[in-house]
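Biologist: Got a minute to go through this model with me? I'd like to talk about a couple of side chains and the cavities.

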Amino acid sequence: MTLFRADSLNFIRKITLRRSWNFAKVLTSYYLTRLTRRPIQWGLPVTLSIEPTTACNLRCPECPSGLRAFTRATGNLKTDFFRQLTDELHRDLFYLYFYFQGEPYINPQFLDMVQYAHKRGLFTVTSTNGHFLDDENARRTVESGLDRLIISVDGTTQETYEQYRKDGNLDQVLEGARRVVAWKRRLGAGHPHIIFQFLVVRPNEHQIPEIFRLAKSIGVDEVKLKTAQVYDYREGHPLIPTQARYARYQAGPDGRWAPKHVIANHCWKLWHSCVVTWDGLVVPCCFDKDAVHRLGNVKTHRFRNLWQGQAYRAFRRKLLKGRQEIDICTNCTEGCSVYK
């Protein structure tokens with residue numbers, strides 16, 4: 001069985017008639033919205049991102065968690081709250097992403113929650129910096145039923161890696177990946193599908209060929225190259241790659257930098273997905289890292305009521321009128337297929 005076939009079969013096993021019908025409703029309402037320019041929303045989210053913790057062991061320069069720059073409350077997701085939310089939504093959800101900000105493995109109940117979601121038939125994904133994959137966590141990760149494990153490996157040498165992953169140890173991360181691969185083989189498991197995510201920035205772009213070779217030597221299933229979001233890009237930035245295809249920004253005739261894409265006034269993400277913080281805040285998407293656009297709290301209201309509530313409807317209407325007026329949309333690549 002090929003690596004990608006195993007991952008695909010894991011997903012197919014999660015498909016139910018109810019989830020398929022929910023997806024059809026969401027997709028239909030999204031295209032009707034684009035056609036009518038009115039915010040029509042049917043169904044419930046197809047994917048949900050939930051935040052295990054805001055804490056992180058690293059100090060990455062373009063991450064609010066790494067910079068310790070949050071103005072919102074910080075803490076860990078609690079198991080009882082997580083189970084309550086999962087019980088409400090699992091019949092309609094396909095994907096449950098265990099990440100937003102922070103390092104998931106810092107939450108001591110993280111893998112217990114993954115296992116609970118797995119038992120509810122959800123396709124589970126997490127993203128980690130890889131520093132907590134000791135032998136016990138590697139074994140428990142496989143045993144939890146996690147479907148995809150994304151490990152951030154932003155360099156193939158320590159010197160390059162630490163230019164973005166501040167305070168990180170590349171050897172520790174690679175050894176953690178080897179442990180997960182070993183436990184998959186030992187337990188005869190087809191999951192998790194292990195992905196090395198390589199955030200392409202100027203200090204590491206020369207190592208792109210090497211990350212593919214490194215992943216193959218370890219037994220990692222896939223490598224994904226990711227373009228980097230930069231906050232202060234207007235005057236240029238030392239993290240912006242020199243290779244244009246890996247950069248989200250380009251310099252204009254006046255020397256000022258700007259995103260390469262024209263932002264369209266629609267957003268599939270706002271129709272099919274949602275983000276919930278560790279303490280229950282509902283925010284539009286993963287670009288609202290500090291939870292500025294709060295659309296409700298699922299600790300005080302049922303999610304279904306918030307999803308169709310006044311705050312969500314108002315945000316969708318605002319988006320349809322002009323995404324350029326929404327701060328979190330101006331540095332986003334969703335729905336941006338037209339180049340400047």
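Biologist: Which residue's backbone nitrogen lies 3.0 Å from a polar atom of the side chain of T53?

Modeller: Keep in mind that this is a predicted model. T53 sits in the loop between β1 (47-50) and α3 (64-67). Its side chain has a polar atom 3.4 Å from the backbone oxygen of G75. The backbone nitrogen you're after, at 3.0 Å, belongs to A55.

Biologist: And is T53 buried or exposed?

Modeller: Leaving out residues up to four places away in sequence, T53 touches G75, N76, Q101, G102, E103, P104 and I106. Its relative accessible area is 1%, and buried means under 20%, so T53 counts as buried.

Biologist: What is the relative accessible area of T141?

Modeller: T141 belongs to helix α6 (residues 135-143). Beyond its neighbours within four places in sequence, T141 is in contact with Y105, L111, L133, L146, L149 and P192. T141 is buried, and its relative accessible area is 0%.

Biologist: Now the cavities: how many residues of the lining of the largest cavity are charged?

Modeller: That cavity holds about 70 Å³ of space. α10 (268-272) and α12 (310-321) each supply at least two of its lining residues, and the lining includes K269 and R323. The split is 9 nonpolar, no polar and, for charged, 2.

Biologist: What volume does the second largest cavity have?

Modeller: Its lining divides into 5 nonpolar, 4 polar and 1 charged. The volume of the second largest cavity is about 60 Å³.

Definitions and conventions. Residues are numbered from 1 along each chain as its sequence is written. This is a predicted model: local features need pLDDT of at least 70, side-chain atom pairs count only at pLDDT 80 or more; totals for chains, interfaces and linings use all residues. Side-chain values use heavy atoms; hydrogens and water are left out. Helices (H or I, at least four residues) and strands (E, at least two) are DSSP runs, numbered from the N terminus. Buried means under 20% relative accessible area, exposed over 50%, partly exposed in between (1.4 Å probe, protein chains only). Contact means heavy atoms within 4.5 Å. A polar contact is a pair of N or O atoms within 3.5 Å; within protein, one must be able to donate a hydrogen and the other to accept it, and residues adjacent in sequence count only if both atoms are side-chain atoms. On a 1 Å grid over the protein atoms alone, a cavity is a set of points where a 1.4 Å probe fits but cannot get out, and a pocket is an open set with protein on both sides within 12 Å along at least five of seven lines; lining residues have an atom within 4 Å of a point. Grid points are joined across faces, edges and corners, and a volume is the space filled by probe spheres set on the points. Ala, Val, Leu, Ile, Met, Phe, Trp, Tyr, Cys and Pro count as nonpolar, Asp, Glu, Lys and Arg as charged, and the others, Gly among them, as polar.
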